[in-house]
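Work through the exercises below with the sequence and the model side by side. Each task is followed by a solution that goes step by step.

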Amino acid sequence: MILDLSAVTDGLIDLVKSSWNSAPIWAELGSVGPTFTPTFTGLGPDAIRDGNGPQLSLFLYHAESDNAQEATFWTSQMLRSPGQPVRYLPLALDLFYLLSAYSETSYAEEQEAMSVALRIFHANGVVRSDSTPTPAWQLTLTMEHRSYDELSRLWQATTVPLRLGVVYRAAVLFLTPDEPDAGAKEVETVNAILNGTDVVTVTAP
């Protein structure tokens, strides 16, 4: 479970960043190491055009509840009465990311950056976080099919020209719910008896 969605975005970006130098594409291009290194960011396609040099963006553009996962919690709640209020139940979310690249002068850099990122995400269908500094999380990462019309509308919403883009679904992420209030402690009464007579009564939680 987690409280901060940006921690998931940072974790996915770090996955690409940490594998960038060892990507097989560089050897295929006849280079000992990377021919370039983009700026890795979670900013949207419109914002990365203000940066310098090539950019690789993993932009969280949509989140929706995962009804199937939430049903597993509601089923157990319905079997108990009165059950927990909604605020104390985890919120199951599916996150949708737009992966895209931008280079002002080189289409090759854009497509090479996408090639590296696609291969890394394909090899890591299950992504786990480090346990620190945030709570640990685990999710599956899958490429989502989106029609050309849907992607076109998405790019139009960013007010920038259409570029190569791929949608990924990260699921299931659980947002940490509120902690239930501590119930009242059971009251216990102890009577001290001396020679058959009650001497003192002690009441403690």
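## Exercise 1: two residues of an edge strand

T41 is found in strand β1, where strands (E, at least two residues) and helices (H or I, at least four) are DSSP runs numbered from the N terminus. This is a predicted model, in which local features need pLDDT of at least 70 and side-chain atom pairs count only at pLDDT 80 or more, while totals for chains, interfaces and linings use all residues. Residues are numbered from 1 along each chain as its sequence is written, and side-chain values use heavy atoms, with hydrogens and water left out.

Task: determine whether T41 counts as buried or exposed, and which residues T41 is in contact with beyond its neighbours within four places in sequence.

Solution. Begin with accessibility: T41 counts as buried because its relative accessibility is 12%, buried being under 20% relative accessible area, exposed over 50% and partly exposed in between (1.4 Å probe, protein chains only). Next, list the contacts, meaning heavy atoms within 4.5 Å: leaving aside neighbours within four places in sequence, T41 touches I13, I48, Q55, L56, S57 and L58. Finally, look at the polar side-chain atom of T41, which lies 3.0 Å from the backbone nitrogen of L43; a polar contact is a pair of N or O atoms within 3.5 Å, where within protein one must be able to donate a hydrogen and the other to accept it, and residues adjacent in sequence count only if both atoms are side-chain atoms.

T39 is also placed in strand β1, but T39 counts as partly exposed because its relative accessibility is 39%. With neighbours within four places set aside, T39 is in contact with N52, P54, Q55 and L56.

## Exercise 2: the sheet

Task: find the order in which the strands form the sheet, and explain why one side of β1 and of β4 is left without a neighbour.

Solution. Start from the order, which for this open sheet of 6 strands is β1-β2-β3-β6-β5-β4, with mixed pairing; two strands pair if DSSP finds at least two bridges between them. β1 (39-41) and β4 (126-128) stand at the edges with a single partner strand each, so one side of each has no neighbour in the sheet. From one strand to the next, the twist averages 25°, with axes taken as lines fitted to C-alpha atoms, for helices over the stretch in contact, and angles running from 0 to 180 degrees between N-to-C directions.

Then follow the individual pairs. The antiparallel strands β2 and β3 are joined by 10 bridges, and S57 has S100 in β3 as its bridge partner. On to β6: 9 bridges join β3 to this strand, again antiparallel, and L93 is partnered by L173 in β6. For β4 and β5, which run antiparallel, there are 3 bridges, and V126 has T140 in β5 as its partner.

## Exercise 3: helices on the sheet and the core

Task: establish which strands α1 touches, which strands α4 lies across, and which residues of the largest nonpolar core touch the most other members.

Solution. Take α1 to begin with: this helix packs on the sheet, touching β1, β2, β3, β4, β5 and β6, and its direction makes about 40° with that of β3. The buried residues of α1 are A7, V8, T9, L12, I13, L15 and V16. Helix α4, in turn, lies across β2, β3, β5 and β6 and runs at about 150° to β3; its buried residues include M114, V116, I120 and F121. At the start of α4, a side-chain oxygen of S106 comes within 3.3 Å of the backbone nitrogen of A108.

Now turn to the core, a set of buried Ala, Val, Leu, Ile, Met, Phe, Trp, Tyr and Cys residues joined through side-chain atoms within 4.5 Å. The largest has 34 residues, of which V8, V16, W20, L56, L99 and F121 touch the most other members. Two or more residues each come from α1, α2, β2, β3, α4, β5 and β6. Apart from neighbours within four places in sequence, V8 is in contact with I2, L95, Y97, W137, L139 and L173. A second, separate core of 7 residues includes L151, L154, W155 and V160.

## Exercise 4: backbone details

Task: identify which two residues a cis peptide bond joins, and where T159 is placed.

Solution. The cis peptide bond joins A171 and V172, with omega about -10°, and V172 is found in strand β6. T159 is placed in the loop between α5 (148-157) and β6, and has a positive phi of about 60° although it is not a glycine. T159 counts as exposed because its relative accessibility is 67%.
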